[in-house]
2 protein chains.
Amino acid sequence: MSQCALKIDKLPSVRRLPAYLHLLRELSGKGEQFVSSPYLAEKMHIEAILVRKDLELARINGTPRVGYCIADLIKGIEDFLGWGETLDAFLVGVGQLGASILGNRELMNFGLKIVAAFDVNPRKVGATVHGVPVFDSARLEELLSRLQVSIAILCVPAAEAQQVTDVLVASGVKGIWNFTSENLAVPEDVITQKEDLASGLAVLSVKLTRNKPPTH
Amino acid sequence: MSQCALKIDKLPSVRRLPAYLHLLRELSGKGEQFVSSPYLAEKMHIEAILVRKDLELARINGTPRVGYCIADLIKGIEDFLGWGETLDAFLVGVGQLGASILGNRELMNFGLKIVAAFDVNPRKVGATVHGVPVFDSARLEELLSRLQVSIAILCVPAAEAQQVTDVLVASGVKGIWNFTSENLAVPEDVITQKEDLASGLAVLSVKLTRNKPPTH
DNA sequence: AGTAATTTGATAAAATTTTATCTATAAAAA
DNA sequence: TTTTTATAGATAAAATTTTATCAAATTACT
Ligand SMILES: NC(=O)c1ccc[n+]([C@@H]2O[C@H](COP(=O)([O-])OP(=O)(O)OC[C@H]3O[C@@H](n4cnc5c(N)ncnc54)[C@H](O)[C@@H]3O)[C@@H](O)[C@H]2O)c1
Ligand SMILES: NC(=O)c1ccc[n+]([C@@H]2O[C@H](COP(=O)([O-])OP(=O)(O)OC[C@H]3O[C@@H](n4cnc5c(N)ncnc54)[C@H](O)[C@@H]3O)[C@@H](O)[C@H]2O)c1
C-alpha cells in the first residue's frame with residue numbers, strides 16, 4: 001500500500017477543516033498545547049469519531065489519553081489545504097458583497113490575500129477599499145498577465161458573470177470563487193467554486209418546517 | 001408503504017433546490033413551458049439522473065420525451081422548501097456583511113423577508129437600510145415578542161454571537177442563520193444553520209492543488 | 001400505422017460518508 | 001506497582017448519496 005493511499009477528496013471533511021483551524025488557533029492563542037477529539041466534537045456539534053476521521057487528512061498522529069498536538073494539527077491542516085503560503089487573488093466587482101469581502105479580515109487567516117480589485121464603475125476605480133486598490137476592469141487582462149494571480153473572486157452582477165469569466169480564463173486564471181448565481185461555463189482545467197447563499201437558507205427552511213409539530 | 005415514505009432529509013439534494021428554482025424561473029420568464037433533466041443537468045454541471053432524483057423531492061411527475069412542467073416544478077420546490085408564503089426574519093448586526101445581505105434582492109425571491117434589523121451602534125439605529133428599519137438591539141426582545149418572527153440572521157462580530165443568540169432564543173426564535181464563525185450553543189428545539197465562507201475556499205484550494213501537474 | 005428516438009421513473013449497484021466496535025496505549029489513580 | 005480511565009487508531013458496519021441499467025411512456029419521423 002502506497003504512502004499516498006489516503007483519499008484526498010473527502011469533500012465534507014475538507015469543508016469542515018477551516019472550522020477546526022479556527023478552533024485550534026483560538027485554543028493555541030489561549031496557550032493550550034493539546035486537544036482531544038471529544039472536545040472538538042462538542043464544539044463542532046459532531047461525533048468524536050468523525051473528528052478523528054477528518055483529522056486523518058492532516059496526517060498528524062495523536063497520543064492516547066492526551067489528544068493531538070495543536071501546533072502540529074494547525075500546521076498539518078494548513079499544509080493539506082495549501083494555506084501555508086498565502087494564495088494571491090483578484091476580486092472583481094466591488095459592490096456591496098465585494099466590498100464586504102474585502103473588509104473581511106478573517107479571510108486573510110485562511111491563506112487568501114486579495115492583491116487587487118476591479119470594477120467598471122468609474123467612481124470606484126482609483127479608490128482603495130480596505131487597503132486594496134481598485135482598478136478599471138478593462139485592465140484585468142493586463143494586470144493578470146503581469147501579476148500571475150491564479151485565483152479570482154467573482155462578485156459582479158449575474159448578467160456580467162460569464163463575460164467576466166471568459167476574460168479571466170483567457171488571462172490564465174485557474175480558480176474562480178463564484179458568488180454570483182450563474183452556473184459558469186469554463187474549460188476543464190479551470191476550477192470553479194460556487195457559493196450559494198440560498199442553499200443554506202433551504203436547509204434551514206426544511207429543518208424548520210420538519211421541526212414543527214405536525215398539524216393533523 | 002405510506003405516501004410519506006419519501007425521505008425528506010436528502011441534504012445535498014435540498015442544497016441544490018434553490019439553484020433549480022433559479023434556473024426554472026429564468027426559463028419561465030423566457031416563456032418556456034417544459035424542461036428536461038438533461039437540460040438542467042448540463043446547466044448545473046451534474047448528471048441527469050441526479051437531477052431526476054433531486055426533483056423527486058418536489059413530487060412532480062414529468063412526462064417522457066417532454067420533461068417536467070416548469071410551473072409545476074417551481075410550485076413543487078417552493079412548497080417543499082416552505083417558500084410558498086414568505087418567511088419573516090430579523091437581521092442582527094448591520095455591518096458590512098449585514099448591510100450587503102439587506103441589499104440582496106435575490107434573497108427575497110427565496111421566501112425570505114427581512115422585516116427589521118438591529119444594531120448596537122447608535123449611528124446605525126434609526127436609519128433605513130435598503131428599505132429595512134434598523135432598531136437598537138436593546139429592543140430585540142420587545143420586538144420579537146410583538147412581531148412573532150421565527151428566523152434571525154446573525155451578522156454580529158463573533159465575540160458577540162453567543163450573547164445575542166441567547167437573547168434570540170429566550171425571545172422564541174426557532175431558526176438562526178449564522179454568518180459568524182462561532183459554533184453557537186442552542187437548545188434542541190432551535191435550528192442553526194452556519195454559513196462558513198472558508199469552507200468553500202478550502203474546497204477550491206484543495207481542488208486547485210490537486211489540479212496542478214505533480215512536480216516530482 | 002409503424003418505427004425510431006428521447007426521456008421519465010423504478011430498481012439496483014456503486015461510491016462515499018458517517019457511525020460503531022474493539023484494541024492498544026499512555027496517563028492518572030489507587 | 002497495579003489498576004483504572006480516557007483517547008487514538010484500526011477495522012467493520014451502517015447510512016447516505018450518486019450513478020447505472022432498463023422498462024414504459026410519449027412524441028416525432030418514415
Ligand atoms: N449582496 C449579497 O449579500 C450577495 C450575497 C450572495 C451573492 N451575491 C451576488 O454577488 C453579486 C454582487 O452582488 P452585490 O450585492 O455586491 O451587487 P452590487 O450591484 O452592489 O455590486 C456589483 C458590482 O459589480 C460591478 N460591475 C458590474 N459589471 C462589472 C464588470 N463587467 N466588471 C467589473 N465589475 C463590474 C458594479 O459596478 C458593482 O460595483 C451578485 O451576483 C449577487 O447576486 C450577493
Ligand atoms: N464581511 C464578510 O464578508 C463576512 C463574510 C462571512 C462572515 N462574516 C462574519 O459576519 C460577521 C459580521 O461581519 P462584518 O464584516 O459585517 O463586521 P462589521 O464589524 O462590519 O459588522 C458588525 C456589526 O454588528 C454590530 N454589532 C456589534 N455588536 C452587536 C450586538 N451585540 N448586537 C447587534 N449588533 C451588534 C456592529 O455595530 C456592526 O455594525 C462577523 O462575525 C464576520 O466574521 C463576514
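Let us begin with the helices that help to form the shell around ligand 2. At least two residues of that shell come from each of three helices: α5 (96-102) of chain A, α5 (96-102) of chain B, and α8 (158-170) of chain B. Of the elements involved, α8(B) contributes the most, namely three residues. Please keep in mind throughout that we are looking at a predicted model.

Where does ligand 2 lie? Its place is between chains A and B, and the shell takes residues from both. In total, 24 residues surround ligand 2, and the closest include A:Glu106 from one chain and B:Gln96, B:Leu97, B:Asp119 and B:Val156 from the other. By class, this shell divides into 12 nonpolar, eight polar and four charged residues.

I turn now to individual contacts of ligand 2. On the side of chain A, a polar side-chain atom of A:Glu106 is placed 2.5 Å from an oxygen atom of the ligand. On the side of chain B, B:Asp119 also uses a polar side-chain atom, and this atom lies 2.5 Å from an oxygen atom of ligand 2. B:Gln96 makes its approach through the backbone: one of its backbone N or O atoms lies 3.0 Å from an oxygen atom of ligand 2. How much of the ligand does the protein bury? Ligand 2 taken alone exposes 830 Å², and 84% of that is buried by the protein.

Let us move on to DNA strand D. Here 26 residues surround the strand, and the closest are A:Ser37, A:Gly62 and A:Arg65 together with B:Pro12 and B:Arg16. Which parts of the strand does the protein approach? Of the atoms of DNA strand D that come within 4 Å of the protein, 67% belong to sugar and phosphate.

Two of the contacts involve phosphate. A polar side-chain atom of A:Asn61 lies 3.0 Å from a phosphate oxygen of DNA strand D, and B:Arg16 places a polar side-chain atom 2.9 Å from a phosphate oxygen of that strand. A base is approached as well: a polar side-chain atom of A:Arg52 lies 3.2 Å from a base nitrogen of DNA strand D.

Which elements give two or more residues to the surface near DNA strand D? In chain A they are α2 (37-44) and α3 (48-55), and in chain B they are α1 (11-29) and α3 (48-55). Finally, the classes: this surface near DNA strand D holds 10 nonpolar, six polar and 10 charged residues.

Technical notes:
Residues numbered from 1 in each chain as written. Chains lettered and ligands numbered in written order. Predicted model: local features only at pLDDT ≥ 70, side-chain atom pairs only at ≥ 80, totals over all residues. Heavy atoms only, no water. Near = heavy atom within 4 Å. Polar contact = N/O pair within 3.5 Å; in protein donor to acceptor, adjacent residues only side chain to side chain. Helix = DSSP H or I, 4+ residues; strand = E, 2+ residues; numbered from the N terminus. Nonpolar A, V, L, I, M, F, W, Y, C, P; charged D, E, K, R; others polar. Areas by Shrake-Rupley, 256 points an atom, 1.4 Å probe, with all protein chains shown as cover.
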